[in-house]
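Subject: Structure handover

Hi,

Here is the structure I promised to pass on. Please open it first, then read my notes below.

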Amino acid sequence: MNRRVWGLIKKEFTHIFRDKRTLFMIFGIPLVEILLFGFVIRTDISNIKVGVVDMTQDQVSHDICNKLLGSTYFSEIISVDKISDADLLFRENRIHELIIFGKELEKETTNRLGGEISIILDGSNPTVSQLILNYTNAVISDYFSLADYKDIVPQYRMVYNEELNSTYMFVPGVMALVLLLISAMMTAITLTKEKENHSFEMLLISPIRPLEVIIGKVTPYLVLSLANGVLILFLSKVLFGLPFLGSNLLLFAIILLYVLLSLSIGIFISVVADTQIVAMLFSLVVLLMPTMLLSGFIFPIANMPWPLQLISSIMPARWFIICFKGVVIQGLGIVGVLKPFLILLGMTLFFMILSVKRYNTHLDD
Amino acid sequence: MKKKVQNNYVIEVSNLCKKFGAFYANKILSFDVKRGEIFGFLGANGAGKTTAMKIISGLQSPTSGEVNVLDYDVYHEAEKIKKVIGYMSQKFSLYEDLSVWENLRFFAGIYGLSRKMIKEKGEKILHHLDLWEHRKELVRDIPLGWKQKLAFSLATIHDPKIVFLDEPTGGVDPYVRRVFWDQIYQAQAKGITIFVTTHYMDEAEYCDRICILSQGEVVAYGAPEKLKKEYQVDSIDQLFVLLARNVE
């Protein structure tokens, strides 16, 4: 490696490791985000307490109760004598759901399911109750599909996610956000900082070439972003059991491409913005906010009005998330994610060419 | 054909013109800088000093006119010019969050000095400046005078032929300015040509020759003593006021 570029890279690392706030930004944020999304903002629920009114006392009801307890979501089964007793239990929050097994279930199930198992849920919290209902239905249908009651098998099945485990579904989104934050925002800030300090002039008057300045300044963020990507993947694997179904090499290529794209956006911002504060606001408002809201990370794209869907399609994070999910969760190969991959590649080239062009004209005024 | 004869002038500017849109930052500038002299470049803010200096140091290209630095042409040989010049500005001197040694290593590095050279030269410079004991301290923690000395030494660490100083003593107290000028003289004694812009008219008196710009044009050019006689004033300060008034 060229000695001048190497000097710049070393200097940039010194800046980063000396400034504790920058260091926190880089390694603290992914950690906090992944733990936050993983443990706090969970979209699924555990420790569900179930009340059971069992009028049959037969094998089927017994098995279903055991199966509920065997899953990770249900923690307690409380036997309830009369349906009317449930009211108090609901009010005191001692149960979240009441399952009623009707008479002669075992005999009935040979014919049909309807009517013999009733589920009562707390309608005051519809979102949570809907989820509990889904879990319960899944467990019950799973039971019937295994048992010998071929006629009444309800078709409940979650594709790619048999365990109903949705915690790791947020990993691609967090990754998209964190990499964008470090690569684009930090790059934009560090480059505008040199501009603000007038040290940029100092560098440009030296024999170092403008392109070398960019490479030297940006390489540390490339390295740190990749390290961060690995950190997030590691945490997702250990804490949330993210399955790595596809090729790891392809996954690496996707992450690298996305990081390069974010870096070129960062360089572009630094050309447009003259001060660090402008660069930061620009990154936050134009990049991070829409990425969070429009990339499909939190809100489903299909439910958006069409103008927002249009904006969503120019969010790099959207295509990154599709690639990531395709490879890691669905186990697709390059052909399966070709379209989003090519879109990311196109965006990268677009921003690289644009920033180099703007950069050169920028130096002349 | 390029003449290989040792040229007595290290900077030759003739009919330099730089336009930004319809605005002329420099209108037909012509002047020369002699080898080994201290050349003062004066002018009010917006007179075109910075633009001319950027052009001469290869940072921007002129709209028209001829500019040669050490026989290199700024249009085509800016990269060669950059290797033989040094630059220091009051706006930026050193990275505050890096230590004395880290700053030294970085600036020596971007001028292409080898690791061994950096070590040898660095030690020599820091001992000479009495900063060796402080090499591990962050630049933000050392006094302004030391920073100034260090910044100048780093601007000349690669033994440039010409060093450009852009208002190097702005915002500095008189004692530090005095010490700084001693350093400039030391560099001159080593054969380095000094091109300095300044706001302080007393500093202009220290220069061998000066050039005063106003609204993108040269209004006075020559040795301070000669100019004072010519315009019948006692100091460059008075001359500057006189010329500035003429413009209005």
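**Helices over the sheet in chain B**

Helix α1 (residues 49-56) of chain B lies across four strands of that chain: β3 (38-43), β7, β8 and β9 (209-214). The helix runs at about 140° to β3(B). Keep in mind that this is a predicted model.

A second helix sits over strands too. Helix α5 of chain B, residues 144-155, lies across β6 and β7 of chain B. Its angle to β6(B) is about 155°.

**The sheet itself**

How are the strands ordered in the open sheet of chain B? There are six, and the order is β6-β7-β8-β3-β9-β10. The pairing is mixed. At the edges stand β6 (85-89) and β10 (217-222) of chain B. Each has a single partner strand, so one side of each has no neighbour in the sheet. On average, neighbouring strands are turned by 15° against each other, direction ignored.

One pair deserves a closer look. Strand β7 (residues 162-166) and strand β8 (residues 193-198) of chain B pair in the parallel sense. Five bridges link these two strands. As a landmark, V163(B) stands opposite I194(B) in β8(B).

**Chain B as a whole**

In total, chain B has nine helices and ten strands. Does its radius of gyration agree with or depart from that of a compact globule? With 248 residues, a compact globule would have a value near 18 Å. Chain B has 19 Å, which agrees. Along its principal axes, the C-alpha trace of chain B spans about 50 × 45 × 35 Å.

Two further figures for chain B follow. Of its 248 residues, 41% count as buried. Take the contacts in chain B between residues at least 6 apart in sequence: 69% of them join residues at least 24 apart.

**Where chain A touches chain B**

Here 21 residues of chain A are in contact with 20 residues of chain B. On the chain A side, the elements that give two or more residues are α1 (3-18) and α8 (199-205). Which of the elements gives the most? That is α1(A), with seven residues. By class, the side of chain A that touches chain B has eight charged, seven polar and six nonpolar residues.

Over to you.

Best wishes

Methods: Residues numbered from 1 in each chain as written. Chains lettered and ligands numbered in written order. Predicted model: local features only at pLDDT ≥ 70, side-chain atom pairs only at ≥ 80, totals over all residues. Contact = placed C-beta atoms within 7 Å. Nonpolar A, V, L, I, M, F, W, Y, C, P; charged D, E, K, R; others polar. Pairing = 2+ DSSP bridges. Axes fitted to C-alpha atoms, helices over the stretch in contact; angles between N-to-C directions. Rg over C-alpha atoms; globule rule 2.2 N^0.38 Å. Buried ≥ 20, exposed ≤ 12 C-beta atoms within 10 Å, placed from the backbone.
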